[in-house]
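Reader: Hi! I'd like a close look at just one part of this model, the place where the chains meet, and then whatever helps me find my way around from there. Could you walk me through it slowly?

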Amino acid sequence: MSQKYSLKCTKCAAPLSLLGGGRVQTVTCSYCKSVLDLNDNYKVLSNFRNVKALQQLPFELGMKGKLKEVEYTIIGRVTYRENEFPHTEWSDFLLFSSLYGYAWLTYEGGNLIYSKRNRTFPNLGWNEIANQSVVVVDGEDYEPYDYYKAKIIYVEGELTWVAKKNDEIQFLDLIAPPFGMSVENNENEIEHYKTEFLDSKMVYDAFTVPENKREYSNAFHPLKPFNRPWLKALSSVALWALMIVALLFIGMFFDGSGKNLTYFSVDNKQRVNEVFTLKSNRYLSTIQLKAPNKKSLNNFNIKLKKDGQTLFTLNQSNAYTFDPVTQKVKEKLNSWDKDAKEAMVYLHLEERGLYQISISPIDRDLSSSLVVNIEEKKMRMNYIVLFMIFLLFALVIYRLMSWKYAHKLDEERGLYVSYSDSKIETAWGNLSMWFFIFVLVIIILSINS
Amino acid sequence: MQENCKINRKFIIYFRVKKEEVIEALYKADIIKTLNCPQCGDVLDIHFKWTKLTQCPSCKSSIFLEDASVKLIGESSVLSPEPSLLKIHDPITIENKNYLPLGKIRYSYGRGFWEEWFLKGEKNREFWLSIDEGDFALQERVAVSLPFKSPRIVKAGKSYGLYVATEVGKGVCVGFEGELPLPIQIDQTYHYIHLSRGGGELVTVEFIDDKIETFNGKWIDPLSIKRVYS
């Protein structure tokens, strides 16, 4: 609970005011940077006057803002530097609410973490925590993530403990993104804080930080949750869609694999007229042309008729469909490539019954031959295969990014954590998914070939 | 537009009156007995069966309740108003259980203070909510077998049996408000020890001279405290 005080700096006599309640232990004079001990007649404990200019931060003492439904005032700041390379620096801003007490807002290169004292952490010693694979706090599993030491390099405003320059503190971080537990060990005691990664914009808005002072970070942070809701949703939808399409694909593969109507060969000696009966107009009908070389294939004209009316003509240079009534060209199509030895023509023949196919050589002196195979009830798989590939991509992309994030998390982890059962289960789950995808790809490729 | 504003304002005023009426009605329904202040004669509403101490709302006298009689023990100082989540006679819920704040004791620890709120729980049970700069602990006064012979030897950070002493401190009782189930002495120094078994469970040992009282409970999230008629 707070009582309001006003006092003067015992070093430089500058006016000081205390905003931060009864637990404040030290206040740093904003003019001479002396740290005054409130428990000992405002005795000067240390001085930060000669500290080199620190980076300007978006937050200042006295700023007010609403975080986690609580109105806070920023009353103090401590800046730490990690002992080990790369000597990361971060600043903790002490927040105070007369109703809800103290909390911290940590600023680290644009990332913002909110933390509050936790009293429900199990009674575990420092070394015991680091050796746990998981620590359960309030029903949530926290994994030990990192251990490091840092020194205080700068202090400003009011603090609830005596902070001196170069004081060393050990930190042990546990994570369950976006939440975490920070265990802090100084000379006197071990304290536990529950931490939470916050959206920077939301915090800046809450404290009405001017736009030009706002800094955002896209860099990795262990508490920043891997959050791709759209990709995750797409992945889930893709998984179900892929299963349905795969079933359809299998059904169509058996039903629409084609039924042979006629099979014959042609050469350059004479024209061949072949009659066949189309019994089913489900799916498509195909005319498959196979020649020993490209010259052979390019040496034939193909004409398809029904009841004496031309429906379709084809050679290497052009392909046309005709209106069966007027016999006028209905549509011009692309023909096969000049260098091709084989061609497959897919036709949607609406009427069942007798059809006649005429194949005539263009140059009767050019030695050439052609094998023709006509089938009905043939399903064209290209589009469905393309769709399946798209679904596969949609399924895999989220998992791939998620795996990449987990890999990065492991790379950055400062503590070894043994795999828990749930992790193994997840790994098996992922393995089964990859196996399923692998089998599907093999099926698609084998069918397409 | 103007008309709508008027209607809304009327509605808000009406609602506020209704809410206060509801609280007043509940507060009156909770009265177990009424006595008269031996100093000014005003009515003293008693809400708890085992109330030992109450403050006269009119003359601020401290009145000790002994069996059926009342005894004036002096005029108590008026506590300075401070922002608080709780208000005497304004019922609250904590984790879906109802509590009625009936009184509070304020202890000073130098530059600041903490408050112990006496709450009447369901089935007329006695609870204490300790509020200290955002740390909230809900406890019951129960006998706890302590893992040490004397509380004076306990040091913060040390383990005692299954417990770790997380805090050892003292405070001076500066005053009270409302009614309390125990007598207190203004300006008396109270010593306390917080013992933790981990997981938020908390045992508090309070002692003055040789008299020891123990409280058992847990730390709670202040955001879980909801006023019933907010």
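Author: Sure, and keep in mind that this is a predicted model. Let's start where the two chains touch: chain A puts 20 residues into the contact, and chain B puts in 22 residues. On chain A's side, the residues that touch chain B split into seven nonpolar, nine polar and four charged.

Now stay with chain B for a moment. Chain B is divided into domain 1 (2-75) and domain 2 (92-227). These two domains touch each other as well, with twelve residues of domain 1 in contact with 13 residues of domain 2. On the domain 1 side, the largest share comes from strand β3 (residues 53-55), which gives three residues. Sorted by kind, that side of domain 1 has five nonpolar, four polar and three charged residues.

Back to chain A, where there's a sheet to trace. Six strands make up an open sheet in the order β17-β24-β19-β20-β21-β22, with antiparallel pairing. At the edges of the sheet in chain A you'll find β17 (272-278) and β22 (329-333); each has a single partner strand, so one side of each is left without a neighbour in the sheet. On average, and ignoring direction, neighbouring strands of this sheet are turned by 20° against each other.

Want to zoom in on one pair? Strand β19 (residues 300-306) of chain A runs antiparallel to strand β20 (residues 309-314) of chain A, and five bridges join them. Try finding Leu304(A): its bridge partner in β20(A) is Phe312(A). As background, strands of a sheet pair through backbone hydrogen bonds, either parallel or antiparallel.

Conventions: Residues are numbered from 1 along each chain as its sequence is written. Chains are lettered from A and ligands numbered from 1 in the order in which they are written. This is a predicted model: local features need pLDDT of at least 70, side-chain atom pairs count only at pLDDT 80 or more; totals for chains, interfaces and linings use all residues. Domain bounds come from an automatic or database domain assignment. Two residues are in contact if their C-beta atoms, placed from the backbone, lie within 7 Å. Helices (H or I, at least four residues) and strands (E, at least two) are DSSP runs, numbered from the N terminus. Ala, Val, Leu, Ile, Met, Phe, Trp, Tyr, Cys and Pro count as nonpolar, Asp, Glu, Lys and Arg as charged, and the others, Gly among them, as polar. Two strands pair if DSSP finds at least two bridges between them. Axes are lines fitted to C-alpha atoms, for helices over the stretch in contact, and angles run from 0 to 180 degrees between N-to-C directions.
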